[in-house]
Structures are given as structure tokens and as C-alpha cells.
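Student: I would be grateful for a close look at a single part of this structure, with an account of how that part is placed within the whole.

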Protein chains: 2
Amino acid sequence: MRVLIPLFPGVTTLDAVGPYEVLRQLPGVEVHFPALTPGVVTDGANNLGLRADSAFAEFDSADVLVVPGGPGARPLQSDDVLLAWIARMHAGSRWTTSVCTGSLILGAAGLLRGLDATTHWSAVADLEAHGARYTEERVVVRDRVITAAGVSAGIDMALTLAERLAGPVPARAAQLSVEYDPQPPFDSGAPSKATPEVMAYVTERRRR
Amino acid sequence: MRVLIPLFPGVTTLDAVGPYEVLRQLPGVEVHFPALTPGVVTDGANNLGLRADSAFAEFDSADVLVVPGGPGARPLQSDDVLLAWIARMHAGSRWTTSVCTGSLILGAAGLLRGLDATTHWSAVADLEAHGARYTEERVVVRDRVITAAGVSAGIDMALTLAERLAGPVPARAAQLSVEYDPQPPFDSGAPSKATPEVMAYVTERRRR
């Protein structure tokens with residue numbers, strides 16, 4: 001079973017790495033990280049580099065496509081070469097998925113028209129501009145398209161997907177392997193849960 | 001504020017990337033990923049490469065040290081050069097932390113003797129061999145040492161640390177930025193929660 005996680009400059013690393021660490025636990029899975037050209041791509045914060053092990057052009061099909069987001073996802077909404085590749089992969093995939101603003105790439109490729117979907121809370125209007133119906137859930141499964149909310153939601157998405165790909169025991173085993181028994185020390189992980197002060201602080205910092 | 005996340009071949013990528021995505025949100029933080037020599041290191045599954053942006057030798061001190069784990073952590077328990085560097089960093093750090101089996105490196109460097117600490121559930125005996133008192137909690141804070149349980153626990157650890165480094169609002173803002181409002185689709189993320197069937201499946205696969 002081939003899982004492709006496309007990389008690009010400005011990717012948010014956790015969007016890619018969270019699903020990777022879950023899905024690679026499943027039997028028979030091979031994960032590749034293609035980019036326009038193989039080599040290191042640098043993340044949105046310009047600190048961490050992930051190595052793309054292959055080029056988009058090397059793949060004609062995938063069983064699972066996981067499109068991460070990040071600041072670099074927005075300009076890709078007008079990258080015709082990438083969007084054509086995404087649409088081609090989707091035509092043959094069992095599951096096409098996104099994390100965070102990776103949904104904007106699926107949307108720009110025309111895959112979310114009329115579909116319920118989610119994205120990072122800061123990108124709702126951009127998602128809707130592609131004809132998707134924003135759904136305020138952490139993981140949205142519709143037909144064979146799964147979209148996840150921001151960044152860390154990719155882990156929940158991947159577990160949801162793992163159960164569909166490999167059944168209940170391997171999916172739960174993957175959760176146990178990465179010891180995903182979350183216990184955040186506070187409860188501010190969604191706009192509905194954040195105080196106005198926290199919301200204002202984040203908004204101000206994201207503006208810079 | 002300088003955060004160092006040392007990398008090595010066989011690192012589990014989520015151990016490093018989870019804390020990175022949280023801590024990089026804090027004001028005034030710069031994160032570096034040193035390794036023995038700069039360049040790409042490959043993870044435990046031999047699929048994903050992370051780029052080390054610097055060498056251990058470039059750093060004399062750090063405010064925060066985050067030591068990730070992975071299959072590659074075990075051989076490092078006898079790497080005297082690395083262990084001396086870890087001990088030197090710890091001597092001057094505000095916080096010394098580990099994720100997953102990164103705790104075995106802290107232990108081998110002599111930092112956990114007589115201290116409460118945690119690690120991945122599969123490595124409890126190895127942790128205790130270094131004189132630590134294993135504590136079955138997801139994040140263990142003692143003095144200025146914080147250890148986290150397996151893989152994904154690094155996110156919870158980093159939020160705990162973020163509040164101590166930057167205060168309540170920036171820490172909650174970091175949680176909101178990475179939308180860490182976990183909703184796993186099932187509840188099998190710790191040995192105490194896994195069924196015998198899941199436990200047997202994981203144990204068998206880890207043996208290979």
C-alpha cells in the first residue's frame with residue numbers, strides 16, 4: 001500500500017510527520033515524500049528541513065494521498081502543475097486526505113466542490129472559496145476524502161484512516177506504538193475554547 | 001532563548017517535531033537541530049530524513065535541551081562524546097527534557113539518578129537501569145528536568161514547558177496555533193488502555 005505525503009517549501013512539519021508516524025506502523029505500507037524535485041525542503045519557520053525522497057513525476061498513482069499544509073500551501077493554490085498531479089493522484093486513490101491548510105490545495109484542485117470539509121481555523125474563508133462546506137469538526141470523512149483541522153489534527157485523522165485501511169487492531173496498535181494518549185496541560189486548542197486574550201495574542205502574532 | 005533538539009540516525013521524527021512545532025511559537029525562541037555533523041539524518045523507519053542544521057560542537061550552552069528518542073537512541077547510551085555534550089548542555093540549561101527513549105540518553109549521561117522520570121512504555125527497564133525511578137505519568141517534571149512518555153507525549157511535554165518558559169497566554173496561544181484539541185477516534189494509547197489483542201499485536205511487530 002503506497003502512501004504519498006507531498007512536501008513543498010513552507011510546509012508545516014507536524015502536518016506531515018504526525019500522519020507519517022501513525023501510517024508507517026500499518027502492515028504493508030510504504031510511505032514516500034515526493035516534492036517537485038528530490039532534496040531538502042525547508043518548513044514555514046525556516047528552521048527545519050525535511051528530505052523529499054522522490055519527485056512528483058515519479059508517481060502515477062497512490063493508494064493514499066496525505067496533503068499537509070503550512071504557509072507554503074497558499075501559493076500552491078495557483079500552481080497548475082501541482083494541482084494537475086493532485087487531481088491525477090486523487091483519480092486513482094483509495095483515500096485522499098489533507099491536514100490543516102493542505103485542504104486549500106485539495107480545494108484548488110477542484111476536489112472539495114460541494115463537499116463537507118475542514119481546515120485550520122484561520123483558513124475557513126479560503127476553504128469555502130473553493131466551494132467546500134466548512135464543517136467544524138476535527139476530522140471530516142466524506143466519500144473517500146478526509147480533511148483534518150489544524151496541524152496536530154493530522155494524528156487524529158491518520159488514526160481514523162488507519163482503522164479504515166487496516167482494521168481495528170492495527171489502528172489501535174499504531175496508537176499504542178506512538179503512545180497517543182493525549183493529556184494537554186490546558187484546554188485552549190480550538191477557537192471555541194480559547195480566551196479572548198489568547199485569541200488576540202495569536203491573531204497579533206500571525207499578522208507579523 | 002536557544003532551544004536545541006539534537007538529531008541522530010534512527011531518531012523518531014515525531015519525538016523531535018512535536019515539541020518543535022509548539023516551542024517555535026514562543027516569543028524570542030530560536031530552535032536549532034544539531035547532530036554530530038550537519039546534514040540529513042534518516043529516521044528509524046528509514047523513510048524520512050530531517051536536516052541537522054548544525055554540529056554539536058558549535059554549541060557551548062542552551063536554554064532548553066529537548067532530546068528525542070527512537071531506535072537510534074539505544075546505541076547512543078554508550079556514545080561518550082554525545083553523553084559528555086549532553087551533560088555539558090545540562091550543566092548550563094534552564095530546562096533539560098526528553099521525549100520517549102530520549103530519556104535513555106539523559107539517563108546514560110547520569111542526569112536521572114534518583115530522579116522520577118518516564119519514557120516509552122516499552123523502555124521502562126532500560127530507564128530504571130540508569131537509576132531513575134520510573135513514574136507512570138505522561139509528563140514528569142522534577143527540578144529542571146522534564147521527561148515525557150512515548151513519541152506523541154512530546155507535544156504535551158512542550159506545552160507544559162512552554163507555560164514555564166513564557167507564561168500562560170503564549171503557551172495557550174501555541175496550543176491554539178497547532179490546534180491541539182485532541183480527539184482520538186479510539187482509546188488505546190497506553191498499555192493500561194490497550195486490549196490484550198492489541199498489546200500482543202504490537203509486541204509481535206516490535207520484535208521483528
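Tutor: In this predicted model, residues 1-163 of chain A are 29% helix and 23% strand, and the C-alpha atoms at the two ends of that stretch are 14 Å apart. The UniProt record, an unreviewed entry, places the feature "domain: DJ-1/PfpI" at these residues of chain A.

For the close look, let us turn to a pair of helices in chain B. Two packed helices are described by the angle between their axes and the distance between the axes. Helix α1 of chain B covers residues 13-23, and helix α5 of chain B covers residues 153-166. Their axes are 8 Å apart and meet at an angle of about 30 degrees. Angles under 35 degrees count as roughly parallel, and α1(B) and α5(B) are therefore roughly parallel to each other. The crossing of α1(B) past α5(B) is right-handed. On the side of α1(B), the contact is made by B:Gly18, B:Pro19, B:Val22 and B:Leu23. The residues that α5(B) contributes include B:Gly154, B:Ile155, B:Met157 and B:Leu165. Sorted by class, this contact of α1(B) with α5(B) has ten nonpolar residues, two polar residues and no charged residues.

Chain B also meets chain A, where 67 residues of chain B are in contact with 67 residues of chain A. About 6000 Å² is buried between the two chains, and carbon and sulfur atoms give 59% of this area. Within chain B, the residues that lose the most area to chain A are B:Leu176, B:Glu179 and B:Phe186, which together account for 13% of what that side buries.

How values were computed. Residues numbered from 1 in each chain as written. Chains lettered and ligands numbered in written order. Predicted model: local features only at pLDDT ≥ 70, side-chain atom pairs only at ≥ 80, totals over all residues. Heavy atoms only, no water. UniProt positions renumbered as here; feature names shortened; annotations may be inferred. Helix = DSSP H or I, 4+ residues; strand = E, 2+ residues; numbered from the N terminus. Axes fitted to C-alpha atoms, helices over the stretch in contact; angles between N-to-C directions. Parallel < 35°, antiparallel > 145°, perpendicular 65-115°, else oblique. Left-handed = near helix turned anticlockwise from the far one by under 90°. Contact = heavy atoms within 4.5 Å. Nonpolar A, V, L, I, M, F, W, Y, C, P; charged D, E, K, R; others polar. Buried area = accessible area lost by both parts, 1.4 Å probe.
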